[in-house]
Each structure stands twice: as C-alpha cells, then as structure tokens.
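Let's take a walk through this protein, stopping at a few strands, helices and charged pairs along the way. Have the viewer open as you read.

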Amino acid sequence: MIPYTVNIKLAARTLTGTLHLQNKPAVDWGWQGLIAQGCHSSILIIDPKTAQTIQVLERHKANVVKVKWSRENYHHSLSSPYSLRLASADAAGKIIVWDVVSGMPHCEIQEHSKPIQDMDWLWNQDASRDLLLAVHPPNYIIMWNGDTGTKLWKKSYAENILSFSFDPFEPSNLALLTSEGIVFITDFSPSKAPGSGGKKVYIASPHSSPAHSKPAAVQPTGAKKALNKVKVLITNEKPTAEAVTLNDCLQLSYMPSKRNHMLLLYPREILILDLELSQTVGVVAIERSGVPFIQVIPCAQRDVLYCLHENGCITLRVCRSTTLLAEENAADPEQSVQELVYDLRSQCDAIRVTKTVRPYRAVVCPVNENRAALVVSDGRVMLWELKAHSSKTQANFSSGVSPLYSPINFCGAPLSRNQKRIPDLSLNTTIGHTLISGVDPPGPAAGQQEVQLKFLLTGLLSGLPLPPFSLRMCPPLTTKNINHYQPLLAVGTSNGSVLVYNLTSGLLHKELSIHSCEVRGIEWVSLTSFLSFATSAPNNMGLVRNELQHVDLRTGRCFAFRGERGNDEPAIEMIKVSHLKQYLVVVFRDKPLELWDVRTGTLLREMAKNFPTVTALEWSPSHNLKSLKKKQMAAREAMARQTTLSDAEQSSVESSVISLLQDAESKAEMSQGISAREHFVFTDTDGQVYHITVEGNTVKDGARIPPDGSMGSIACIAWKGDTLVLGDVDGNLNFWDLKARLSRGIPTHRGWVKKIRFAPGKGNQKLLVMYTDGAEVWDTKEVQMVSSIRVGRNVSYRILDIDWCTSDKVVLASDDGCVRVLEMAMKSASYRMDEQDLTDPVWCPYLLLPRAALTLKSFLLLQPWSGTFTMDICQLDYHEKDEIKGLVQEQLNSLSNDVKSVLQDPELSLLQRCLLVSRLFGDESDLQFWTVAAHYLQSFAKARQLSVPTPESQPQSESSQNTLQGHLDICHDILCESSFFQRFQLERVHLQEVKRSSYEHTKKCADQLLLLGQTDRAVQLLLETSADNPSYYCDSLKACLVTTIPSSSPSQSTIKLVATNMIASGKLAEGVQLLCLIDKAADACRYLQTYGEWNRAAWLAKVRLNPAEASDVLKRWAEHLCSPQVNQKSKAILVLLSLGCFHKVGEMLHSMRYFDRAALFIEACLKYGVMEANDTTNKLIGAAFADYARLLRSMGLREGAALWASRAGGAGEELLEELFQGDGGGSDNTPGEEEAKGSLGLKE
C-alpha cells in the first residue's frame, strides 16, 4: 500500500449536488483560470485543469443567479496584486464581492429584493478596477463600487431590462436587451449616469425570415436576390402587435473579434449585425431537423462562435475566409461577397437529456479560448478541450468549406527551425486568422499545415444525486489505525447506490451500485467494509423487500448478509453494530428483532413473538475484552512457567514442542476470535428500558428500568462512557449519569428528536442532536447546548441526516442536495484555500501571496543570471520564508510538461516568453501589450533591415513581409496595419452594399464608399435613387460633382470653402465627405478631432492618409487618450506601439511605474535594434533598469537585481553597492557578479 501521511485535521467543506433552475445562468470562467458556479445558495470554485472543486463559498441565503470574476485588465504590482475577486448575485437581490482565497465576503450590496438580472465588471480598468454594473429588476441599471459597496449612480429605463453587453472596443458603448427590443447607450461612463434614454431599436421576429424555407443549396445570384435572404430585422418604429408577439431573442452580445458587430441569438438562428448600418450581414441557421441553440459565445482571438445546443452538444463555427470566394467568383464579381458564413468545424458529443438532466450553460476560457465547460442541471461539469490535428487528406473544395491552416507564429513570433511549440496553447496558436482577399495569399504559406479540429473530454466533475441521503462516517481515528486511516464518508442515496467520499480531498473515492431502492441506513463494520440496508415500497399487505448488503471497499465484493431472507416481510427500521463490531441487531417495524454474528455472518437469535416492540436501541460501550485478554495471558504464562521447572536435559526438546503448541493455540484463538461479552439497551413503546447481554451465542436478559414519567415515547438512545442520553418524540432530552446514578431531563421545545450521536475520541462528551427543523450540539458533562442550527433562522435548507466526522467536526446532509462538513459551531463552510489538501496540485498563481506571485512571474520571465533556464527556484539566491518558497515551487511543479519544455527551450525569444507568461498568468493587460509590441517590434526591425523608413511607405515590401510574418488580427482594430485595415473596411462596405434594403442603407453605403475613395461605386449607388424620393435631386447633383472633381483644379478651393462652412454650421459628416473628395483627408481628420469625433478621425486616417500624415493624427489621438478626463493610457500605449514610437512608449511605461514591463520592453527594443543606446536613450534605459532592479530586490531575487543594476550604468551603481553590503562585504558574491556581467556582455 502507498504510504501517505494522515491529515487528522479535516477541512470544512461542502459536497454539492444537483442545481436549482435559478442557478442556470450562474457560471463564469475568469481570466484567473478558474470556473465559478452557483449551486443553490453556495458557489463552487472549480479548477478546470485538474477538474477539482477547490473552494465553496457560503453566505447567500437565496439561490445564486449570477457569478462574475473581476477582470485582470490592469498592470499588476504589489499595490495592485493578483487576487481572486468574484461578484455573486442571488435571487433576493443581494450582491456579494468575495475574496475567494480566504472565503470571506469583501463587501455586500443590497438595493431591492428581486433577483439580479445581469451584472458585469467594467473591462476598461485604467480609472478604477472596482466598478460593477448590475441590472436590478425590473428596469434599473446601477453602477456599484465593488470594493466599498457604494452606489455611484442609478438609472431607470422605460422597458424591463433582461441583460446587457459592453462594447469590447469602446468603453462608452453599452447595449441593453429589453423586453421589447434593444437600447443602445453611447454616453456610458463610470462617473455619471447616461444622460439620454439611449437609442431604441425594435427587433422584428425572424421566424418569417426566408432563412428557414429556402434550401441552402440554391444560391441566389446577384445583389438584388441576396436581399431576400434576410429581411430587415432592426427597425426604429415599434412593430405592430401582429408582427411581433414576443421578443424571443435569447441573447445579445457584441462580437469581440470585429468592431461594431453584434450577434443576436434565437432558438433556430444566430444573426450577425453590422451596427453602422443596423443591418444583418450574416445568419447561422439550423436546418429543420437540427437541435435549437441555447447559447452562443463569440471569441476574440479568431472570428469563431462556440454554440451550445439543447442536447448539450457544443459546436464550433469558424468564419469562412473570403480569399477563396474571390478566386471562385472571379467570373461574377457581384457574387464575391454574399454574407458572412460560419462553417461548422467541430462538435462534441451530446448528453442524454431527460426531465431532470438538461444542459444549462457553457463557458469558454477567456485567456486561451480553446477550452469549454458545460454545466449540466444534475451538477455535472464537463470540460472539453479543442485539439487540432494535421489532416493528411486534401479537403475537397466542392463542399464549399475551405481548409483551416495552422498559424505561422507561436506566441507572437515566427517559429525558428527546431523550436518547441504547443499547438494547443490557445485558439490563435491552433488555427490561423481568417484570410482576407487582396491582402493574404490564397494558398497556405510555407510551414502552414492544414488542420482539423476536434473536441476532447479532458475532465468531468459530478455532484451528488438527488436527496434524500443517509450518512455514516467510518470508525474514528485511533492510535492503532493511524498508519492506514482514511476519513471515508458513506452516503446512501435514493437510487440505491452508496457513494464513498474521502473527506481529506473531498473527492469521490468509490461509487457502489448496491441496492435496487432507496438506501435507509449504513453501518461500518471495519475501516474498509460496511453494511447497508434498503427497503422497497410496501405492497398492499404492508410488506416490503428488505435488502441488507455487506460490502468490502477494497475489493468491491458485496453479498446479501441475511442470505435468502428479506422478501415479503415487515420493513427494517434500523441496524446497529456493537462497539467491537462483533454483533449486529436488526430491528423491524412489526416483527421481533434479529441478532447476528458479524464475523461469521450467522443468525444468533431470532426473538420470540411476544418480544416487546423496539422504539430505540443502542449498544453499550463497555465490554470484557480486556479482562479476557488478561486471563489468557495469565494462562499462557503459567504454562510457560511449568515447562521451565522441568529437568534441564529434557527442557531443550520439550520447550520447543510446547512453544509450537502454544503458537498453534494462540493462532487458533486469534482466528476464531475471542467472543467478548457485550450489552445493549432498548426501550419499548411504554418507555421501559431493557438491558440484554450477549456473549458468544448466549443471550441473557438483564435488569429492567421503569419508564420516566416526564418523557414521551423514546425515539433514540446514545451511550458513551458513563453517560446515557435518551431523546423522545416531544423534544425532551434525558441525561443519565450511570456512575452517580443521577438523571436529568431537559425540554428543548424543538419537537421530535430524530437522532442523537456522541462525538468520537476518548473523554469527548459532546453530543449531536437532530430534529425535524435543524440540529444542536450539546456538552453532556455540563449538560448545556453548545451550538444550534435552525431552518429559516440561520439556514435556508432542511437537514436530512447527521454524523460526526472527527471529534470536532460534524457532517450534515440537507435537502438542497449538499453534504456539508462543518465546525462544531455549525457556521457556514467557506474555508481558506491555502489550508486545503488537494489531490492534484493546481496551477494558479493567484493563490500565492501577492509578493510571491510577482516573484514567480519575474522568475519565469527572465533568468539571465545563468546560461540555462531552470524550473527549480531553490537553485537561486532567493531570500524568503521556506514555507512560501515551497508554495512557489509547488506552483512551478504543477505546470504541464509541454509548458515547462517550451519555457526551458533556449530558442524561445524574450518576446515569446513575455507573451507565454502573461498567458499562463491570465494577465489581460500584459497579454494585449505584448501581442501588439511583439508584432510591431518585429515588423519595424524587419523594415530597418530592408533600410526602409517605415513599412507602410513601400507596399511591395510589405506584402513580402506579410507572407513571412502575418498581420495583427482584426480584433486589434485600429492597431492593425493600414493596408490590411483598409482592405477589411472595403470588404465590409461591399457586404453592406449587398445587404442594403432601404434608401437609408444605400445612402450610408455611398457615404462610406466616398470616404474610402471608391468614387465609381459611390456614383452608381447615388444614381439608384428613385425620382419620387425627396433627395433625388440632391443625390443626382452629388453624383455629378463626384465625377467632375478630378478634372478642374479651381473647383478645389470652392469645395474647400463650402466644406469648412458646412462644418462650421454643424454639418460635420457632409463637410468631411467633401474634403475627402478633394484629397484633403488630413484636414478632415483634424476637423473630426476638433469636434471630438476621435474614433472616426482615427478610422479615416487609417484608410485614407499616407503613413506620415496618419501618424500625426494618431499621435494627437494618443495624447487625447492620455488626458485625465479620458484616462485610457493603456490604449494610448498600444496606439503608439503601432506607430513605432518605441522611445515614447518606454518613457510612458516608466512614468506610470510599470517598472517590470518598461525594463523588459526596452530590453526587447535593444535586442531587435529598434532602439540604440545613445545619449538620448541612455537616461531612460538607466532609470528603467535601475527601477526594475529595485523591484526585483524587494521581491527577494537578489541575483536578478544585481544583474539589472549592473546594466543600468550610473543609475544602478548605488544599488549595486547596497546589494554587496547586504551580503557582508560581498566577498563571496563578487566572482559570480563578474561572471554575470561577462556573460551578459557576450549576449549584447
């Protein structure tokens, strides 16, 4: 057997079961890498990598309806550490913000007492990271400070609000899904409530849309026919009552992969809207026989949708690339862009749906987006992972589904030849980005493999089945069994199975299907075997089938203990095993009791018909085993003494024979077992107490004690030492002191005493009492109550069964389907996570102390002090308590082997390492920063090698670059390269043009085309205006103007004058259009910025201006973002990165005190040669490196600190001296120091 240490201290914990219907939306997967899930009024915290519950939070009184992890979109330091913060809301309107590691509520919020409809943390965390927006029914949205619990503002709307969605690209946009339609808010701000009531749009029900009726194979040709595909779904007028009876939209959310796109989910289709036109540009419809949707989760890294269906199947749909369409449809350009098509690429297995078992929600890992968890109503959580395997067969294009390719990049940089990689690290390392015609080559680039995706079930958590339960803890820990003791709890369930849990880890040890009906009781007969009984429903005679099974846990062997008996007899009421586990009493409802020998499985006595009816029974703890053993020892010693007295010559022969005889005799005794004498007491219906003695197979009747007049019918008895306690149906407890011959009755006024049990442990006289409405712990020495729990007063659940699991902890089964291990005070059971005893180590740096988590991060990021990269923290000079060091090392050990091998790979560049570590930590702001930084550092470095000032000025070189390196994905929006961004916007306008269905839409399309410089298409659209339209004349003139502009130069000055006058008189959009016509887009951008249209100006600069002009516009925008009233410095930094202003970025990072990010970024700039060490930069380099060195010193990483200080030049000298003085003159460390500097010199 594997030796393991016994953890005598069991952690308080909750074993959870099936979910309540109100828990359906309460699940969330956070950036921290953990899943939170509501189960009745508790919240489970699950680690998806190892599939174990690591915390249960209990404080809510009502069912939990929403849980949300806080975002990690800020720079982490000692003052803003990595911490596990969770907000949960319940059906009674209470919101609790938790500190998950300690299990304590951080603050509690209450406004109304109705269930919270929706809530979320604000993702833009530059100003504050504590803001929480909640929907309080029926129609309020309230902004809370989740740190202090104060209300910042409250706003009501005309309709009932069902849910909301933040725009992931623009913090001031918010969309509310109401009972009648959608409300768009564009002036959302944390500091004050939105001023207007928002823009309302109504949704016409899509069921009349032809997406259902038309077979998919028949593709209409030409733009006009494509219109019929989807009717307009968004109208500003309220639709008539006949047109829309009920808004059956299940979900609304912004798409994080493309700006200004939103998705609406209906049971049979998903609509993709382009919000600039309020127009449907894509539909994912289910065919007639398909399974309807419940939920859809759009991804950010790629344009991918995870869809959950009603049968529990998760499907993955990937947006089709447009490059292939362009090739196929070269003949018919009109057909090139029909609509956004999402192809089904993979699906997981469905579950068996029954009345009680149905899928509730799916969540996707926000960091990597390649793992999904499905929550099922019976408490199961299924963890699916998306795996890619390269397909050998060439996909056939006739099916219309183009092949998917693996990306060229790994962690933001192209792979070197023999570099290790993890293809399944995240969604964007699994599949390449959606290709766009005109920018991307149609075929796969070198090194790209065609991949196919499939889901793999990597973990499964299952809960307890439906209540009722019966509990029994295994025999207690003693000094004799301490070496192989396991704290096992047997839980009998209503479906006839017995679940055995190991309470050290809280994991299911074995599930045994033993009975065919509900388990009524369990009694252990050793540490590894138990008896359990179940009774079937009674027949018309009132008789049942009794099943009494003996189960051996080690082998799983199970046999009917009473042999053939058990059919058609009165039901078993209870079974009781004696203290030495020798005898068993089986008590029946209307039949005398049976007495069995447990060791041999034989029936010792079936009592006579006139035997009294038993109401309660208990074995006495006293027995004569010790005196029997003493007698045996004495007899043996006497035998031994006789042999030594005989003659010395004979003794040699005889003594050996005698010792053999003795051995044989003692062995025989041991095997047959000594039958010790044991007693039990029971009461009859009159309350008389009988005393019966059992020894071997003799049964003797003892003394009888007349009933106590103050007691009603006795319901249960407990006996320990010299104390005997009786409980009756009226709630009276009677304490007998057998030594002093005293009895004392206490009325508890709690009704029927269901069960009483003494705590284990010598001299421990605590008693656990169960009533119909709760439980109490009593101290029988003092005869007083220690703690109490009552339904409706301090808990919301009813108690079904009780037991002690250690001398100071109790275990309760309750009707909300949970089994709780509680302290004796029976208060709620959140526990400290760091006291947990987990079976598998969990990678979650958030569990460490703030300082240790940061140390772990810097340890993984850079180890320049040694030539090789180590995963053993003890190898370096790290000053910290051993306990914390051990915890950090445990975290390192729990990383997967793949990740370890990549981290230790010498080929992994600094940028790739920064990206990988920010992924491992789930650090949102780090991840964004390093993704953009890695891309632009490499592209500017390449441009420099080609000696081009900037990549944009030479398109031909850029296309060759793109093939090598790829471009930033479109989810980065304005940060993408201009050429790519432009191409994407053109495609988008073409799509809008195909989909337009009204004059309004046509006008918007023409405007966009003019801004993009596509004058010919714009003129065509303008000429489409029908003659009866009021703007017919205006549009015709505009068309003439557009076509004549290029010919004459004097007209330009007139147009410019007209444009400026228009802008001055408030017609901004029209003026900007005119300026774009005469190629004065730079002026147009300036006007837009003056009038506060910053996003529009940036967009225009990207699509129309040359690099130098665009760079000016974007720099002005970055300055605006840094201003205190906007406070979006993190966005400004990303914009500057995309312009290649690396020195400025370094300065900003340093001034914002992001010392670690600043130093590593500057280091990367120097490595890639986009920043040179000269007089202007040296000051920044020195300051950044010296500050990083100080930071490392404060974390206890002295070698790292010395190294960075030595590189900081003058700024680091002082620090170096301090470091050496700290080492006692530094004599021992100097050689290492010199080596370090030398090795670094080589590296540079």
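## Around strand 24

Tyr306 sits opposite Leu316, a residue of strand 25. Keep in mind that this is a predicted model. Strand 24 and strand 25 (residues 314-319) run antiparallel and are paired over five bridges. They make a hairpin with four residues between the strands, and in it Gly312 takes a positive phi near 80°.

Strand 24 also has a partner in strand 23: the two are antiparallel and joined by five bridges. Here Phe293 has His309 of strand 24 as its bridge partner. This pair is a hairpin too, with five residues between the strands.

How much of strand 24 is buried? Six of its six residues are, so the strand is mostly covered. Val304, Tyr306 and Leu308 point one way, Leu305, Cys307 and His309 point the other way, and all are buried.

## A buried charged pair next door

Just look at the loop between strand 23 and strand 24, where you'll find Asp303. Asp303 forms a salt bridge with Lys258, with 2.2 Å between the closest N and O atoms. Lys258 is in another loop, the one between strand 19 (251-254) and strand 20 (261-266), so the salt bridge ties together parts that are 45 residues apart in sequence. Buried or exposed, these two? Both Lys258 and Asp303 are buried.

## More salt bridges

The count for the model comes to 56 salt bridges. In general terms, side chains of opposite charge can pair when their charged atoms come close. One of the pairs is Lys387 with Glu385, whose closest N and O atoms are 3.4 Å apart. The two partners fall into separate classes of exposure: Lys387, at 23% relative accessibility, counts as partly exposed, while Glu385, at 15%, counts as buried. The cut-off for buried is under 20% relative accessible area.

Asp816 and Arg820 are another pair, their side chains meeting in a salt bridge at 2.9 Å, N to O. Both Asp816 and Arg820 are buried. There is also a network of salt bridges that links Arg562, Arg565, Glu569, Lys591, Glu594 and Glu606.

## Two four-stranded sheets

Start with the open sheet of four strands in the order 2-3-4-5, where the pairing is antiparallel. Strand 2 (27-29) and strand 5 (52-58) are at the edges; each has a single partner strand, so one side of each has no neighbour in the sheet. On average, neighbouring strands of this sheet are turned by 20° against each other, direction ignored. Strand 4 (residues 42-47) and strand 5 run antiparallel and are joined by six bridges. Within that pairing, Asp47 has Gln52 of strand 5 as its bridge partner.

Further along comes another open sheet of four strands, in the order 50-51-52-53 and with antiparallel pairing. Which strands stand at its edges? Strand 50 (714-720) and strand 53 (742-747) do, each with a single partner strand, so one side of each is left open, without a neighbour in the sheet. Here the neighbouring strands are turned by 15° against each other on average, direction ignored. Six bridges hold the antiparallel pairing of strand 52 (residues 732-737) with strand 53, and among the residues involved, Asn732 has Pro747 of strand 53 as its bridge partner.

## Helices 12 and 14

Now for the helices. Helix 14 (residues 1015-1023) has Ala1018, Val1019, Leu1021 and Leu1022 buried. These residues cover an arc of only 165° around the axis, so they lie on the same side of helix 14. As background, an α-helix has 3.6 residues a turn, so residues three or four places apart point the same way. Asp1016 and Leu1023, on the other side of helix 14, are exposed. The cover over the buried residues includes helix 12, helix 13 (999-1012) and helix 15 (1032-1044).

Helix 12 (residues 978-995) is home to Gln992. With a relative accessible area of 1%, Gln992 is buried. What does its side chain make a polar contact with? The partner is the side chain of Asp274, at 2.7 Å. Leaving aside neighbours within four places in sequence, Gln992 is in contact with Asp274, Glu276, Leu277, Cys1005 and Gln1008.

Technical notes: Residues numbered from 1 in each chain as written. Predicted model: local features only at pLDDT ≥ 70, side-chain atom pairs only at ≥ 80, totals over all residues. Heavy atoms only, no water. Buried < 20%, exposed > 50% of the residue type's maximum accessible area, 1.4 Å probe, protein only. Polar contact = N/O pair within 3.5 Å; in protein donor to acceptor, adjacent residues only side chain to side chain. Contact = heavy atoms within 4.5 Å. Arc of directions from axis to C-beta. Pairing = 2+ DSSP bridges. Axes fitted to C-alpha atoms, helices over the stretch in contact; angles between N-to-C directions. Salt bridge = Lys/Arg side-chain N within 4 Å of Asp/Glu carboxyl O.
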